[in-house]
Amino acid sequence: MDAVAPPPVPDWMVDGERRRGRGALSNAAGRFEPQAREAFDDGWQSLDDLPPFRTSVTVEKPRTIINRNDSPDVGFDRSINPYRGCEHGCVYCFARPTHAYQGLSAGLDFETKLFAKPDAPELLAKELSKPGYEPRTIALGINTDAYQPIEREWRLTRRILEVLSDFGHPVGIVTKSALVLRDLDILAPMAERGLAKVALSVTSLDPKLARIMEPRAATPPRRLDTIRRLSEAGVPTAVLVAPVIPAVTDAEMERILDAAVAAGASEAGYVMLRVPLEIRDLFREWLLAHFPDRYRHVLSLLKELHGGREYDSTFGQRMTGSGPYAWTMARRFEIAVERLGLNRRHTRLTTRHFSRPPRKGEQLSLFGEEA
């Protein structure tokens, strides 16, 4: 019997071999670009000659490294992102649109054309040393994961932690990577002084689903093991059920929380899926390719969350949504958290250890003050 021919590749989709191991299915031009480009098969099989998407890293030289924000939806007012773009390839990543500022696509470019800031540790030490600096917890790797695969080579996150430890400065980390365990020799002593806590994002316990959603992030079992090992080392550890994707991962909320508590998590949070700007189209493409039977239902629930639109950026609603479905998810989370004893105590990091170490060549007095 003759083999059944595969369905034709839609015009908007990059060939599967070229994007193997990536999350996004397309690579539309950035929204600030004056021209849009699209691959077109002219009949001579020219698309077969296009190379696969491989990871490249470009050095970025910012003048400052601490980012400030005044959003009431997050529990911090400053953050550090040693990398721009993220190789984890999470299709839902809210940071994807930022690649448009580089003239690049929020799709496959975001996962493959990365930027590293090698001067980040030195810039951080400079900013922390300013006389008027007031210490408050720094969130590390919030826009893109500070422990994404290229951290193994660049080690910027580790060097940043060394600076924060030297200054006695508190830090909160959110990651999907087991690579954070590499830095337990720094994090555990910092946690003992009330200077560090870590949150692991667990979107699904299904390895197959996680692989198509977050192709280069740690598997769900490895994330749970990371929670366990951090907790055993004395590092306060939280689990984030984030994002919750309606009709795709929402049924797993209680199971994720159960597993995280069993692994040692003491705090928990959740965030509903957000699809601003280019993410909306990328998510629709992904959903249509992997869950065509749920496509309309998922989009319907998204619109229910955001007052008839697929996304509402209003503070106070963008993370949780509103309406009956949002209320149901919030109540399920509250009941599970109460049952499991999560969030009874929130780890508050301290700034009382903050001090500016002497610069090279400076001398300390007998009483430990700068001479």
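What follows is a chat about one helix, one arginine, a small group of cysteines and a sheet in a predicted model.

Q: What are the ground rules for the numbers?
A: This is a predicted model, where local features need pLDDT of at least 70, side-chain atom pairs count only at pLDDT 80 or more, and totals for chains, interfaces and linings use all residues. Residues are numbered from 1 along each chain as its sequence is written, and side-chain values use heavy atoms, with hydrogens and water left out.

Q: Which residues of α11 are buried?
A: Tyr325, Ala326, Met329, Phe333, Ala336 and Val337. Buried means under 20% relative accessible area, exposed over 50%, and partly exposed in between, with a 1.4 Å probe and protein chains only. Helices (H or I, at least four residues) and strands (E, at least two) are DSSP runs, numbered from the N terminus.

Q: Where do those buried residues sit around the axis of α11?
A: They fall within an arc of 105° seen down the axis, so they line one face of the helix. The arc is taken from the directions from the helix axis to the C-beta atoms. Pro324, Trp327 and Glu338 are exposed on the other side of α11.

Q: What do the buried residues of α11 pack against?
A: β9 (237-244), α8 (253-263), β10 (267-272) and α10 (295-305). Contact here means heavy atoms within 4.5 Å.

Q: Changing topic: is Arg78 buried or exposed?
A: Arg78 counts as buried because its relative accessibility is 4%. Arg78 lies in strand β3 (residues 78-80).

Q: What does the side chain of Arg78 make a polar contact with?
A: The side chain of Tyr133, at 3.0 Å. The Arg78 side chain also reaches the backbone oxygen of Glu134 at 2.7 Å. A polar contact is a pair of N or O atoms within 3.5 Å; within protein, one must be able to donate a hydrogen and the other to accept it, and residues adjacent in sequence count only if both atoms are side-chain atoms.

Q: How many disulfides does a search of the whole structure find?
A: Zero, with a disulfide taken as a pair of cysteine sulfur atoms within 2.5 Å. The closest cysteine sulfur to that of Cys90 is in Cys86, 6.2 Å away, which is too far for a bond. Cys93 is in no disulfide either, and its nearest cysteine sulfur, that of Cys90, is 6.3 Å away.

Q: And the open sheet, what is its strand order?
A: β1-β5-β4, with mixed pairing. β1 (56-59) and β4 (83-84) stand at the edges with a single partner strand each, so one side of each has no neighbour in the sheet. Two strands pair if DSSP finds at least two bridges between them.
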